[in-house]
Amino acid sequence: MKLYFKNQLGLMAAAIMLVCCFTQTNAQVVSSGAVNGKKLNPLLPGYFADPTIKKFGDTYYIYATTDNIMLASGAPTVWYSKDFENWYNYKMDVPAFTAEPLVNFWAPDIIQRNNKYYLYFGNCEMGCNIYGYVSDTPVGPWRKLNAHDKPVISHNYPREGFPSLDAQFFTDTDNRVYGYWGTWVHYNGGYAVGELITPGMDSMQKAKNIPLVQTPKPFEAPYMIKKGNKYILMYSGGSCHDETYNVRYSYASTPYGPFKEGANNPVLSTNADKTVHGPGHHSVLQDGDDYYIVYHKHDYPMTRGGLSRQVCIDKLVFENDSTIKAVVPANTGYINPSKVKPPQNIALNATATASSAYHLKMPGTDYEYAAALATDGNNATLWKAGNNTLPQSLTIDLGSVKRIRRVFTQFEFPSFYYQYVLRYSADGKTWKLFADRASNRMPGSPMIDDNDVKTRYIKLTVTGTEKQGLYAAVWNMKVYDKLFDIPLPIKNKNSVSAPALRSGHNILLDINAADMPAGKPFASVKNKGTFGGLMYKTGNVTIEKDETGVTAFRFTKGALSALKPVPQTLAWNGAYTVAAWVKAPVVAKEGSCLMSWCNRNVMRLANSYNAMYFNSGGYGAAGHLDYHFDMKYNHVPAANEWHYLVLTFDGMTERIYVDGVEDNAQMMTLSSAINGAKFIIGASDEGENYNGYLASLKMYDYALSSDDIKKQMQLTKPIK
């Protein structure tokens with residue numbers, strides 16, 4: 001099971017760059033608005049990576065990769081703020097390519113020049129290239145710099161096989177613009193440097209590779225700054241797969257080098273208590289005489305694959321023009337550089353209660369997404385409902401009756417819309433309407449609702465989400481007793497997508513070989529589940545009694561497939577359970593798919609594909625197109641024995657059970673692509689046939705609990 005892109009021209013570099021995977025220790029996060037006057041990291045309420053920070057006029061902007069969506073392939077967005085505390089998310093209008101839709105928007109950078117703004121980002125749909133756009137404003141709308149999908153920096157430039165990603169541009173004191181790019185460079189011979197041709201800003205010249213010896217222990221993400229007469233090339237080293245990810249630097253007397261390794265390397269790395277884990281891929285903000293390093297780290301608890309990264313900031317201090325002091329990162333790690341005083345949030349640390357709260361229990365992790373985390377002013381923590389059924393409610397108690405003019409709600413995923421209602425009450429019993437967003441289709445963060453009431457309680461009720469299976473989840477709810485100016489007069493466009501469907505809590509598939517006569521040929525099997533219809537045989541599938549007398553389907557390069565499309569309740573992050581009684585004469589190392597219900601060709605990006613397997617390799621239990629997300633069996637079930645295998649996903653945690661006992665688990669977000677997909681038993685959508693017996697199989701559009709699984713194991717045990 002490998003990660004596939006639509007185009008195969010050396011694109012694994014992009015996958016390795018963006019995918020991070022490791023076991024995170026049970027670190028703790030601070031839960032209050034500030035400590036000793038220092039603001040809390042992360043800076044942004046959401047999953048974003050590869051940040052580029054700029055200050056245009058009196059407004060700060062952060063351009064970043066939108067994370068936790070199909071291999072970090074979320075929508076192009078920008079965050080902006082004047083007070084550096086309240087950040088506003090805007091979904092930018094970036095035209096798609098002519099030949100392909102725009103899916104990857106990776107590691108963006110922006111240049112202001114001649115009253116224009118030039119936006120650059122990496123994309124791997126037609127080779128790993130850097131594309132350029134231009135606008136009259138820092139937020140768009142954007143126009144292509146080149147027609148016919150021509151990149152500014154092409155794949156294989158400056159030499160064959162070089163993936164052009166992670167480009168950052170540097171304007172020298174003589175007004176020349178240089179670009180630095182490269183990823184997975186320890187395999188690709190070093191970073192690249194070239195000069196951007198001006199005034200067109202749409203192509204490069206004089207490009208060359210920087211020898212590996214000049215940037216020791218590199219990985220990706222070069223970033224150039226100039227201090228005095230020294231050119232300081234910062235970059236990310238170690239491995240983004242684990243806590244060794246870090247920031248290093250070398251320096252030179254010219255933009256092209258030669259570069260000499262700097263002192264104090266690495267200057268940013270995982271801190272001692274692991275609360276800042278795997279920091280890297282940064283940019284630098286110079287504000288007056290002060291410097292700040294803005295970077296991403298992994299979330300806590302950590303999502304499987306490391307693709308729920310969050311943006312942080314710390315002070316960057318120079319000993320001299322060629323020496324950077326090592327940064328000691330912390331969750332309370334920065335002083336606000338803005339001179340603008342943020343409005344007072346009167347709900348900070350207010351008592352909060354909720355209809356439910358998710359309790360994450362896995363080996364090494366015991367964590368509750370409690371209601372109080374929505375009022376702690378901390379972008380590292382959030383309230384999340386106990387399951388992904390709706391409606392779900394969050395209630396804030398301000399302690400006494402107060403005047404309320406504005407409510408900010410920062411939902412978990414800023415680029416998707418949430419539907420909700422805000423109500424208020426003076427006594428907690430009689431409720432009145434503050435804001436009705438039950439039909440909302442506009443994404444954004446924060447969602448801003450204004451009114452003028454006197455109340456003690458504010459209740460948020462989430463009634464719908466844009467994407468299937470998303471939870472009611474809130475980073476922060478902020479409440480204000482006065483109105484204030486929002487930095488930019490812009491709003492996100494409404495989505496054209498309809499709200500997600502609610503799960504019917506159904507058994508979709510119910511197939512049992514005991515209902516069929518053994519030894520007789522057949523063309524189809526009746527599905528007794530609510531999905532109905534027939535499962536049609538293709539290839540070699542027979543109905544036999546094994547040596548113990550159990551009637552079962554015998555798969556030998558064959559499958560049972562439905563003709564109807566997979567229901568929408570299984571799309572995106574929809575919950576599911578697949579439960580099957582199986583016996584494999586030999587447990588294969590790879591392949592051997594028991595059940596498939598996604599179309600890997602829609603996106604060919606990690607987590608857009610789900611399938612249940614029975615093999616001994618890295619995707620032994622669940623395949624997601626990339627081994628950083630796949631789930632194996634910790635204890636591979638024995639060959640030639642009957643086993644009850646259950647793969648379940650509740651929208652937060654994927655678990656595999658063997659004979660009623662949990663064998664492995666991982667936290668993740670899916671983006672299941674079901675368009676054009678069909679239910680397939682005994683094979684994947686590209687073969688990977690299962691070779692063995694299957695007595696019965698059920699598929700649910702919800703997650704079974706551990707107790708449910710034990711009960712079903714007894715009820716469905718094959719009869720000899």
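**Exercise 1. Cysteines and disulfides**

Determine how many disulfides this predicted model holds, and establish which cysteines a disulfide joins.

*Solution.* Begin with the criterion, which asks for a pair of cysteine sulfur atoms within 2.5 Å. By this rule the model contains 1 disulfide. The bond links C124 with C128, whose sulfur atoms lie 2.1 Å from each other. Next, consider the handedness: the torsion about the S-S bond of C124 and C128 is about 115°, and the disulfide is therefore right-handed. As for solvent exposure, both C124 and C128 are buried.

**Exercise 2. Cysteines outside the bond**

Explain why the sulfur of C598 is too far from that of C593 for a bond, and decide whether each of these cysteines is buried or exposed.

*Solution.* The cysteine sulfur closest to that of C598 belongs to C593, and because the distance is 10 Å, it is too far for a bond. Turning to accessibility, the cut-off for a buried residue is under 20% relative accessible area. C593 has a value of 0% and is therefore buried, and C598, with a value of 2%, is likewise buried.

**Exercise 3. The surroundings of N388**

Locate N388 in the chain, classify its accessibility, and find which backbone oxygen its side chain reaches.

*Solution.* First, N388 sits in the loop that runs between β27 (383–384) and β28 (392–411). Second, its relative accessibility is 19%, so N388 counts as buried. Third, the N388 side chain reaches the backbone oxygen of G469 at 3.2 Å. Finally, when residues up to four places away in sequence are set aside, N388 touches G469, L470, Y471, N573, A575, D650 and G651.

**Exercise 4. A nonpolar surface patch**

Identify the residues that form a nonpolar patch on the surface together with L534, and compare where L534 and L563 are placed in the chain.

*Solution.* The patch consists of L534, Y536 and L563, which together have about 290 Å² of accessible area. L534 belongs to strand β35 (residues 534–545), while L563 is found in the loop between β36 (551–561) and β37 (576–583). With a relative accessible area of 34%, L534 is classed as partly exposed, whereas L563, at 65% relative accessibility, counts as exposed. Beyond its neighbours within four places in sequence, L534 is in contact with S524, V525, K526, S561 and A562. As a last step, take P211 for reference: L534 and P211 are separated by 323 residues in sequence and by 61 Å in space, C-alpha to C-alpha.

Note on methods:
Residues are numbered from 1 along each chain as its sequence is written. This is a predicted model: local features need pLDDT of at least 70, side-chain atom pairs count only at pLDDT 80 or more; totals for chains, interfaces and linings use all residues. Side-chain values use heavy atoms; hydrogens and water are left out. Patches are made of residues with over 30% relative accessible area and no salt bridge: like charges are joined within 9 Å, nonpolar side chains (Val, Leu, Ile, Met, Phe, Trp, Tyr) within 5 Å. Accessible areas come from the Shrake-Rupley method with a 1.4 Å probe; for residues, only the protein chains shown count as cover. A salt bridge is a side-chain nitrogen of Lys or Arg within 4 Å of a carboxyl oxygen of Asp or Glu. Helices (H or I, at least four residues) and strands (E, at least two) are DSSP runs, numbered from the N terminus. Buried means under 20% relative accessible area, exposed over 50%, partly exposed in between (1.4 Å probe, protein chains only). A polar contact is a pair of N or O atoms within 3.5 Å; within protein, one must be able to donate a hydrogen and the other to accept it, and residues adjacent in sequence count only if both atoms are side-chain atoms. Contact means heavy atoms within 4.5 Å.
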